[in-house]
Amino acid sequence: MNQELIHVYLMPGMAANPTIFEHIKLPENQFQIHWLEWVIPHKNESISDYAKRMTLFIKEDDVVLLGVSFGGILVQEMSKHIKLRKLFVVSSVKTMHELPKRMKIAKHTKAYKILPTSLAGNIDALAKYTFGKSVAKRVELYKKYMSVTSTAYLDWAIEQVVCWEQDKPIPGVIHIHGDKDMVFPYKHITDCITVKGGTHIMIINKYKWFNENLPKLILQ
């Protein structure tokens with residue numbers, strides 16, 4: 001029976017814990033969900049080496065891999081090391097060309113090296129820094145779902161996003177993106193499945209869309 005199940009591995013976004021997927025439910029007679037978690041990177045570890053290390057947590061063959069935000073970048077790198085049934089990226093980018101202008105500038109000016117990742121200890125300040133001053137109401141969400149506060153991890157993660165060098169989309173990748181995403185603005189995204197009204201945290205607040213549509217997308 002278990003051999004017939006499709007194994008679906010879910011990778012959260014930067015600094016997030018996998019409880020962001022707590023409302024994602026797929027038919028249990030067809031799918032088995034597994035949550036992946038961030039591990040602390042080695043010093044000067046490349047995104048490719050980190051991705052290869054993360055594939056060790058995948059125990060089955062021909063799995064579905066889905067990543068959110070920076071997790072979407074990571075699963076694309078992981079797909080270069082293992083054979084997948086399907087690859088999904090959510091609220092993310094497929095190439096460096098889809099990154100917003102501010103991140104491209106940060107790469108060339110190396111401004112990412114002076115980002116205040118030490119704010120990680122101050123969750124309210126970090127939430128405002130990440131989401132903007134007008135979203136104080138999201139601080140509670142942030143406290144619940146963001147748990148990786150290691151400065152070494154955050155410094156590394158921000159650099160990996162800004163300096164990602166993927167030039168062309170990985171063949172077969174399925175990109176799901178909200179048209180209200182403020183972190184990776186929709187206007188820069190090409191060839192995606194659009195979720196109307198979806199923001200950067202739509203995996204949390206539009207989970208019903210995913211529960212309805214993911215099974216069809218996996219099986220088709």
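The following paragraphs describe the fold, the sheet, the enclosed helix and the aromatic contacts of a predicted model.

The chain contains eight helices and six strands. Along the sequence these elements follow the pattern β-β-α-β-α-β-α-α-α-α-β-β-α-α. Of the 220 residues in the chain, 50% are buried. The accessible surface amounts to about 11300 Å², and carbon and sulfur atoms account for 54% of this area. Among contacts between residues at least 6 apart in sequence, 65% join residues at least 24 apart. One example of separation in sequence involves V162, a residue of helix α6 (residues 151–162). V162 and K110 are 52 residues apart in sequence, while their C-alpha atoms are 9.2 Å apart in space. V162 has a relative accessible area of 6% and is therefore buried, the cut-off being under 20%.

The six strands form an open sheet in the order β2-β1-β3-β4-β5-β6, with parallel pairing. Strands β2 (31–35) and β6 (193–195) stand at the edges; each has a single partner strand, so one side of each lacks a neighbour in the sheet. From one strand to the next, the twist averages 20°. At one end of this order, β5 (residues 174–178) pairs with β6 in the parallel sense over three bridges. G178 has V195 in β6 as its bridge partner. Helix α8 (residues 207–219) lies across β1 (6–11), β2, β3 (63–68), β4 (84–90), β5 and β6. The helix runs at about 145° to β4.

Helix α2 (residues 70–78) is largely enclosed by the rest of the structure, because nine of its nine residues are buried. These residues are F70, G71, G72, I73, L74, V75, Q76, E77 and M78. The list thus includes the polar residues Q76 and E77. The cover over the buried residues of α2 includes strands β1, β3 and β4 together with helices α1 (47–54) and α6.

The largest nonpolar core comprises 62 residues. In soluble globular proteins, nonpolar side chains tend to be buried together. The residues with the most contacts inside this core are L65, F70, L74, M78, F88, Y153 and I176. Among them, F70, L74 and M78 are also buried residues of α2. When residues up to four places away in sequence are not counted, Y153 touches M14, A15, W38, V39, I40, P41, F70 and V148.

Seven aromatic pairs were found. In one of them, the rings of W38 and Y153 have their centres 5.5 Å apart and their planes at 55°, so the pair is tilted. This pair links distant parts of the chain, since W38 is in the loop between β2 and α1 and Y153 is in helix α6, 115 residues apart. W38 is buried at a relative accessible area of 9%, and Y153 is buried at 0%. A second pair consists of W209 and F210, with ring centres 5.1 Å apart and planes at 75°, so the arrangement is edge-to-face. W209 counts as partly exposed, with 22% relative accessibility, whereas F210 is buried at 0%. One aromatic cluster is formed by W38, Y50, F70, Y153 and W156. Within this cluster, F70 and Y153 are also among the residues with the most contacts inside the largest nonpolar core.

How values were computed:
Residues numbered from 1 in each chain as written. Predicted model: local features only at pLDDT ≥ 70, side-chain atom pairs only at ≥ 80, totals over all residues. Heavy atoms only, no water. Core = buried A, V, L, I, M, F, W, Y, C linked by side-chain atoms within 4.5 Å. Buried < 20%, exposed > 50% of the residue type's maximum accessible area, 1.4 Å probe, protein only. Contact = heavy atoms within 4.5 Å. Pairing = 2+ DSSP bridges. Helix = DSSP H or I, 4+ residues; strand = E, 2+ residues; numbered from the N terminus. Axes fitted to C-alpha atoms, helices over the stretch in contact; angles between N-to-C directions. Areas by Shrake-Rupley, 256 points an atom, 1.4 Å probe, with all protein chains shown as cover. Phe/Tyr/Trp six-rings, centres within 6.5 Å; stacked < 30°, edge-to-face > 60°.
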